[in-house]
Amino acid sequence: MTASNNAHASPAAGDPDRLRELEASQPRAIHGSWARRAIPIGAVLAAIAYLVFSVFYFEVPRVIREARFDLIELYALDLYAYKVHVTKEVGEPEAVTVQLEGSRLSEYDEPPAWVSLSGDTQTVDLGDSGSVTMQPGLVTIRPADAKPIRVRATEDGVKVLSGDVPDRLQISELKVDARLDTWARVQITKSKVEVHRYFLGWANFFYTFDSELKGKSLGELVDLAFFSDKRLSFDMPNWQFILAEFWGNPLWQHGAIFWAMVQTLIMAIVGTLCAALIALPLSFAAAYNVNPLKGVRFGVQRLFDSLRAVDHLIWSLIFIRAFGLGPLSGIFAFMFTETGTFGKLFSEAVENIDRREPEGVQATGASRLQKYRFGVLPQILPVFVSQLLYFFESNTRSATIVGALGAGGIGLKLMQTIQTRQDWENTLYIVTIIVLTVIAMDSISGWLRRRLIGAPESN
């Protein structure tokens, strides 16, 4: 054990003369100044001070204090749940409607089992959240974990009659807003009473509210498609009708979203591929070991700098003004930006090649073009393929943002769902499609990279 420690010990350890020689030859390494030692500590303190300054400069405490966390919770709930509206007009005892997401196109012909209509009294069972009873001029809210809350609702206004009003009840002269819990909400105004009950899932994802296929199980659909004698449509077979009803769902727009995603992929792939094909020959003109003309090299290199200095988002806005809305603007935006990026990457790869290979090809009597074809191109081909496949994947994500600006595709669909502030479940659906597409592109590009350039298998 001692021998091993001595073998790894410093040559100066235990040798005063050797230590004095090192101190004489390298005094700054042995006895560094306090200023040099304080630099790392000062850098850390400066970073902390900058973060603290940023927090107060951008008024982060005020933003957090004024944030509407109730709205954040509500929007988050809309991502993975749907709600049913039970609405009663004040002053009209029988005017009660039950609608999915408050849409007139999705109104129940018969109220669900948890809505009870008995003469002038209507009771809405909210499950674990409690219940609501609506009577002429009176609404009684019964939370599961609190005393009942009685509210007078007339055409003259609303008034809370209960003495014990919880903090989660927002009261104004014109409105009472009671959030019983995450899954239930009651809003009372002088004109109507609305009860919202949330359910987990995406409503009407497969078939619309008025479709004759609504509510059928997978087994029932299979039976209708292949074994039933019942004809669902005289224009097409049952299996085709079942697929068409799903594909053409006007609420979820499965078909439109699919083709928008295809448009986004075309935008990213065509723009990136065109950029690579343009940049490859130009990269030879920008490499000092290929092009001896310094002025030409300087011009091509500055062209690459200029193209990639302007982000593809800016290019897309420019081309939208030139060509109008559509994927052509996105293709040109990617082509311009990535030409500059690929040009720099490829030219640096050309400059870093092993010169012995093209010299060997030239020694066989090959022409100048053959020298670059067989001596240079095979060396940069792995870089070319690797970078091209990476940018295919990266620009698929970027094409979503370009599309949102007006170039079309899935980005435009995503922006439309965000702007309505009501279709957050559609937003999550589209985001899920984008994520799955990017994952698929990453897997395909990794497989192609391994097949084409022999990249090692990743763990």
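## Salt bridges

A salt bridge is a side-chain nitrogen of Lys or Arg within 4 Å of a carboxyl oxygen of Asp or Glu. With that in mind, look at Glu59, Arg62 and Glu66, which are linked in a network of salt bridges. The structure you have here is a predicted model, and a search through the whole of it finds 9 salt bridges. Within the network, the side chains of Glu59 and Arg62 meet at 2.9 Å, N to O. Glu59 counts as partly exposed, because its relative accessibility is 39%. Arg62 is partly exposed too, with a relative accessible area of 33%.

Now try another pair: are Arg185 and Asp177 buried or exposed? Arg185 has a relative accessible area of 16%, so it is buried, and Asp177 is buried at 11%. Their closest N and O atoms are 2.6 Å apart in a salt bridge. A further salt bridge brings together the side chains of Arg308 and Asp305 (2.8 Å, N to O). These two residues both lie in helix α10 (residues 294-309), where they are 3 residues apart, about one turn of the helix. Arg308 is partly exposed at 29% relative accessible area, and Asp305 is partly exposed at 24% relative accessibility.

## The whole protein

Let us step back for a moment. The protein has 459 residues, of which 37% count as buried. Its fold contains 17 helices and 12 strands. If you take contacts between residues at least 6 apart in sequence, 54% of them join residues at least 24 apart. The protein exposes about 27400 Å², and carbon and sulfur atoms supply 60% of that area.

## Three strands in a row

Strand β7 (residues 149-154) is a lovely place to see side chains alternate. Ile149, Val151 and Ala153 point to one face and are buried, while Arg150, Arg152 and Thr154 point to the other face and are not buried.

What joins β7 to strand β6 (residues 138-143)? The two run antiparallel and are joined by 4 bridges, and a hairpin of 5 residues connects them. Across this pairing, Leu138 stands opposite Arg152. Strand β8 (residues 157-160) also runs antiparallel to β7, again with 4 bridges. Here the hairpin has 2 residues between the strands, and Val151 has Val160 as its bridge partner.

## Nonpolar cores

The largest nonpolar core holds 29 residues, and the members that touch the most others are Val86, Val132, Val139, Ile141 and Ile188. Beyond its neighbours within four places in sequence, Ile141 is in contact with several residues, including Val132, Ile149, Leu180 and Ile188. A second, separate core has 22 residues, among them Ala279, Phe284, Phe342 and Phe346.

## Helices and recorded regions

UniProt, in an unreviewed entry, places the feature "transmembrane region" at residues 38-58, 265-288, 313-336 and 427-448. In the model, residues 38-58 are 95% helix and 0% strand, and their end C-alpha atoms are 30 Å apart. The span 427-448 is 100% helix and 0% strand, with its end C-alpha atoms 31 Å apart.

Finally, visit Thr400 in helix α15 (residues 377-407). Why does Thr400 count as buried? Its relative accessibility is 6%, and buried means under 20%. Leaving out residues up to four places away in sequence, Thr400 touches Thr264, Ile410, Gly411, Leu414 and Ile434.

Key: Residues numbered from 1 in each chain as written. Predicted model: local features only at pLDDT ≥ 70, side-chain atom pairs only at ≥ 80, totals over all residues. Heavy atoms only, no water. Buried < 20%, exposed > 50% of the residue type's maximum accessible area, 1.4 Å probe, protein only. Contact = heavy atoms within 4.5 Å. Core = buried A, V, L, I, M, F, W, Y, C linked by side-chain atoms within 4.5 Å. UniProt positions renumbered as here; feature names shortened; annotations may be inferred. Areas by Shrake-Rupley, 256 points an atom, 1.4 Å probe, with all protein chains shown as cover. Pairing = 2+ DSSP bridges.
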